[in-house]
Amino acid sequence: QVQLVESGGGLVQAGGSLRLSCAASGRTFSSYVMGWFRQAPGKEREFVASISRSGGVDKYANVIKGRFTISRDNAKNTVLLKMNSLKVADTALYYCAASETRSSGNVPPIRTYEYAYWGQGTQVTVSS
């Protein structure tokens, strides 16, 4: 089992940047695929980005592609989400999640049900 704690959220103006961090503890961090999801008020939780166990393969939601970058440091048990050119529509509670799913080509999963472990979330608010 793995425990996840997110940090780095906050209030930022449109066009600004934030870096979210997720610290993991428990079982071997490198045995999990990691993902970031977000949930805005009144909306379903949605996929943002995911990264394979080694960090060699990543996936992004189309709405954030080119603006956000996911990375991981297995030595530090950390996964990051660097967010640039933030928009008001990016306002949400951002969650870090861990998955034990194994897929061909090491393509990291993008569906919420494929992730068994979740953090408590960190709020990102983008003002106009």
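**Exercise 1. Place Asn 106 in the fold and decide whether Asn 106 is buried or exposed.**

*Solution.* Start with the chain elements: Asn 106 lies in the loop between β9 and β10. Strands here are DSSP runs (E, at least two residues), as helices are (H or I, at least four), and both are numbered from the N terminus. The model is predicted, so local features need pLDDT of at least 70 and side-chain atom pairs count only at pLDDT 80 or more, while totals for chains, interfaces and linings use all residues. Residues are numbered from 1 along each chain as its sequence is written, and side-chain values use heavy atoms, with hydrogens and water left out.

Next, look at accessibility. Asn 106 has a relative accessible area of 52%, so Asn 106 is exposed. The classes are buried under 20% relative accessible area, exposed over 50%, and partly exposed in between, with a 1.4 Å probe and protein chains only.

Finally, check the surroundings. Leaving aside neighbours within four places in sequence, Asn 106 is in contact with Ser 52 and Val 57, where contact means heavy atoms within 4.5 Å. Asn 106 and Arg 53 are 53 residues apart in sequence, yet their C-alpha atoms are 8.0 Å apart in space.

**Exercise 2. Now turn to Val 48: which strand holds Val 48, and which residues does Val 48 touch?**

*Solution.* Val 48 has its place in strand β5. With 1% relative accessibility, Val 48 counts as buried.

Set aside residues up to four places away in sequence, and the residues that Val 48 touches include Trp 36, Phe 37, Tyr 60, Ile 64, Leu 81 and Tyr 94. For a distance across the sequence, take Cys 96: Val 48 and Cys 96 are 48 residues apart along the chain and 10.0 Å apart in space, C-alpha to C-alpha.

**Exercise 3. Work out which strands pair with β4 and which pair with β9.**

*Solution.* Two strands pair if DSSP finds at least two bridges between them. Begin with β4 (residues 33–39), where six of the seven residues are buried. β4 pairs with strand β5 (residues 46–51) in the antiparallel sense over five bridges, and Phe 37 has Phe 47 as its bridge partner in β5. These two strands form a hairpin with six residues between them, and Gly 42 in the turn has a positive phi of about 80°.

β4 also pairs with β9, antiparallel, over seven bridges. Here Gln 39 is matched with Leu 93, and Gly 35 stands opposite Ala 97.

Move on to β9, which has seven of its eight residues buried. β9 pairs with β11 in the antiparallel sense over three bridges, with Ala 92 opposite Val 124. The antiparallel pairing of β9 with β10 has two bridges, and Ala 98 stands opposite Tyr 117 in β10.

**Exercise 4. Give the strand order of the open four-stranded sheet and name the strands at its edges.**

*Solution.* The order is β1-β3-β8-β7, with antiparallel pairing. β1 (2–7) and β7 (68–73) each have a single partner strand, so they stand at the edges and one side of each is left without a neighbour in the sheet.

Within this sheet, strand β3 (residues 18–26) and strand β8 (residues 78–83) run antiparallel and are joined by six bridges. In one of them, Leu 18 has Met 83 as its partner.

**Exercise 5. Classify the ring pair of Tyr 95 and Trp 118, then look around Tyr 95.**

*Solution.* Rings of Phe, Tyr and Trp (its six-membered ring) pair if their centres lie within 6.5 Å; planes under 30 degrees apart count as stacked, over 60 as edge-to-face and the rest as tilted. The count by this rule is six aromatic pairs. For Tyr 95 and Trp 118 the centres are 6.3 Å apart and the planes are at 80°, so the pair is edge-to-face. The pair links distant parts of the chain, with Tyr 95 in strand β9 (residues 92–99) and Trp 118 in strand β10 (residues 117–118), 23 residues apart.

Compare accessibility: Tyr 95 is buried at 9% relative accessible area, whereas Trp 118 is partly exposed at 24%.

Ring pairs also link Phe 37, Phe 47, Tyr 95, Tyr 115 and Trp 118 into a cluster. Last, the charged end of Arg 45 sits over the ring of Tyr 95, 3.7 Å from its centre; the rule asks for NZ of Lys or CZ of Arg within 6 Å of the ring centre and within 35 degrees of the ring normal.
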